Amino acid sequence: MMRAELRVDLARLRQNVRAVRERMAPADVLVVIKDNAYAQGVEPVVSAALDAGATWFGGIDLDSAVRAKREAGERARVFCWMTLSAEEAQQGIDEGLELGVGDADYLEHVAAADGTANVHLKIDTGLHRNGVRPEQWAAFCARAAEHERGGRIRVAGIWTHIAEASDEEDDASRAEFDRAVEIARSAGLDPEVRHLAASAAAWHRTEFRYDLVRIGAFCYGIRSEDGPEIAGVAPASSLVAPVVAVGDDVEVAIGSVDGYASALAGRVSVATPAGVRALTRVDPFTSRVEPWPGAAVGDEVILFGPGENGEPTPTDLGEAIGTVGEEPLLRVSPLVTRTYIG
Ligand SMILES: *Cc1c(COP(=O)(O)O)cnc(C)c1O
């Protein structure tokens, strides 16, 4: 049974991480590995990124963060920003993770856990997703300082997340962030790392880098939708499917159950051994592509990738159906085999 595969090029990934690290220096880079390293597999991604010099990893979910820490050991620090319960906090501490803390109640859970938690305090600078509101920040920092003096926590970082939707909004968030850092210092805290920027702001705006930047998309070579190409960085993964039948059109082994969006039919072209051909249909288990002379069962068709054979990038696919470039990657079903090259 011939199956589609997600082929992850680890050499490309290392190259991306190196390019990102060079660009961001002297700020350090936290490689974001949330959602199973954007569906590419935490362990091989972490291992490759370590080889490229990465010293920080981070993610939202405990599972990805724990796996990253187990893979990296003492070679890297791992920040998990959304543990939610006392149980998760304890597990995070036991695993050696650093924890995001964005509300006063959760600070108490983390302080009450066994062991000294390394925490990063989050100020809400306008995104309203999670984080302590500016009007509560001073009291929150005072309480954190008390816990730090008691040896229950160590405040390793101050952070926030910004919208990256407009420069004006981001500038306002940054001003709020600076005030928050000042307040934290007046409360007696001495955070090693301040971090607020993700891929786009960190890449294009030097003043947003501070000590650490949290980079997901660009490490994997995913450019922003409607954004420019990013020099030195290209998609690390290709979605590849074999031809399973040749008739009036060519049938390939990728379908909507594999996480390949049916809305792509008629909207994109894919790479075949004879060049680019239109994708005409996406059914549950297979898809159809315009025929080419000499098409044969077993030929490989590239649905997305770095673009070297004319295939669309994940962001091209996202743009074709009105979503972000991460989505075509994140949707690839866990049942699609991951293979690693490079
Ligand atoms: C996903 C995420 C990032 C990475 O964003 P990119 O734009 O992909 O670089 C950074 N910070 C937080 C809090 C995130 O959830």
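**Strands, ring pairs and internal spaces in a predicted model**

Strands E4 and E5 pair in the parallel sense, with 2 bridges between them. The model described here is predicted. Across this pairing, Phe79 stands opposite Glu98 in E5. Between the two strands the chain passes from E4 through H5 to E5, and the resulting β-α-β crossover is right-handed.

Strand E5 comprises residues 98–101, and both of its faces are covered. Glu98 and Gly100 lie on one side, Leu99 and Val101 lie on the other, and all are buried. This arrangement follows a general pattern: in a regular strand, side chains alternate between the two faces of the sheet. Strand E5 also pairs with strand E6 (residues 117–122), in the parallel sense and over 4 bridges. Here Val101 stands opposite Leu121 in E6. The chain reaches E6 from E5 by way of helix H6 (residues 104–112), and this β-α-β crossover is right-handed.

Strand E3, formed by residues 56–59, also has buried residues on both sides. Trp56 and Gly58 point one way, whereas Phe57 and Gly59 point the other way, and all are buried. Strand E2 (residues 28–32) runs parallel to E3 and is joined to it by 3 bridges. Within this pairing, the bridge partner of Val32 is Gly58 in E3. Strand E3 is further joined by 4 bridges to strand E4 (residues 77–80), and these two strands run parallel. Gly59 stands opposite Cys80 in E4. The connection from E3 to E4 leads through helix H4 (residues 62–72), and this β-α-β crossover is right-handed.

An antiparallel pairing was found between strand E12 (residues 269–272) and strand E13 (residues 275–282), which are linked by 4 bridges. One bridge matches Ser269 with its partner Ala278 in E13. The two strands, E12 and E13, form a hairpin, and 2 residues lie between them.

Aromatic side chains were examined next. A pair of aromatic rings is described by the distance of the centres and the angle of the planes. The search of the whole structure finds 7 aromatic pairs. In one of them, Trp81 and Trp159 are tilted, with 6.1 Å centre to centre and 50° between the planes. Trp81 lies in the loop between E4 and helix H5 (86–94), while Trp159 lies in strand E7 (residues 153–159), so the pair ties together parts that are 78 residues apart in sequence. Both Trp81 and Trp159 are buried. A second pair, Phe177 and Tyr210, is edge-to-face, with 5.3 Å centre to centre and 90° between the planes. Because Phe177 belongs to helix H8 (residues 167–186) and Tyr210 to the loop between helix H9 (199–204) and strand E9 (212–215), this pair ties together parts that are 33 residues apart in sequence. Phe177 has a relative accessible area of 0% and is buried. Tyr210, at 17%, is also buried, because buried means under 20% relative accessible area.

Ring pairs also link Phe79, Trp81 and Trp159 into a cluster. Phe79 is the residue that stands opposite Glu98 in E5. A charged side chain also meets a ring: Arg174 lies over the face of Phe208, at 5.3 Å from the ring centre.

The spaces within the model were then considered. Rolling a probe the size of a water molecule over the atoms shows where empty space is left. The count comes to 1 cavity of 30 Å³ or more. The largest cavity has a volume of about 60 Å³. Its lining consists of Gly259, Tyr260, Ala261, Leu264, Phe304, Leu317, Ile321, Pro328 and Arg331.

The largest pocket has a volume of about 930 Å³. It is lined by 37 residues, of which Lys34, His161, Glu164, Ala198 and Glu326 are the closest to its centre. At least two lining residues are supplied by each of helix H2 (34–39), H8, H9 and helix H11 (326–330). The largest share of this lining, 4 residues, comes from H9.

Conventions
Residues numbered from 1 in each chain as written. Predicted model: local features only at pLDDT ≥ 70, side-chain atom pairs only at ≥ 80, totals over all residues. Heavy atoms only, no water. Buried < 20%, exposed > 50% of the residue type's maximum accessible area, 1.4 Å probe, protein only. Pairing = 2+ DSSP bridges. Right-handed = clockwise from strand over helix to strand, strands pointing away. Phe/Tyr/Trp six-rings, centres within 6.5 Å; stacked < 30°, edge-to-face > 60°. Lys NZ or Arg CZ within 6 Å of the ring centre and 35° of its normal. 1 Å grid on protein atoms, 1.4 Å probe; cavity = no way out; pocket = protein on both sides within 12 Å on 5 of 7 lines; lining within 4 Å. Points joined across faces, edges and corners; volume = space filled by probe spheres on them.
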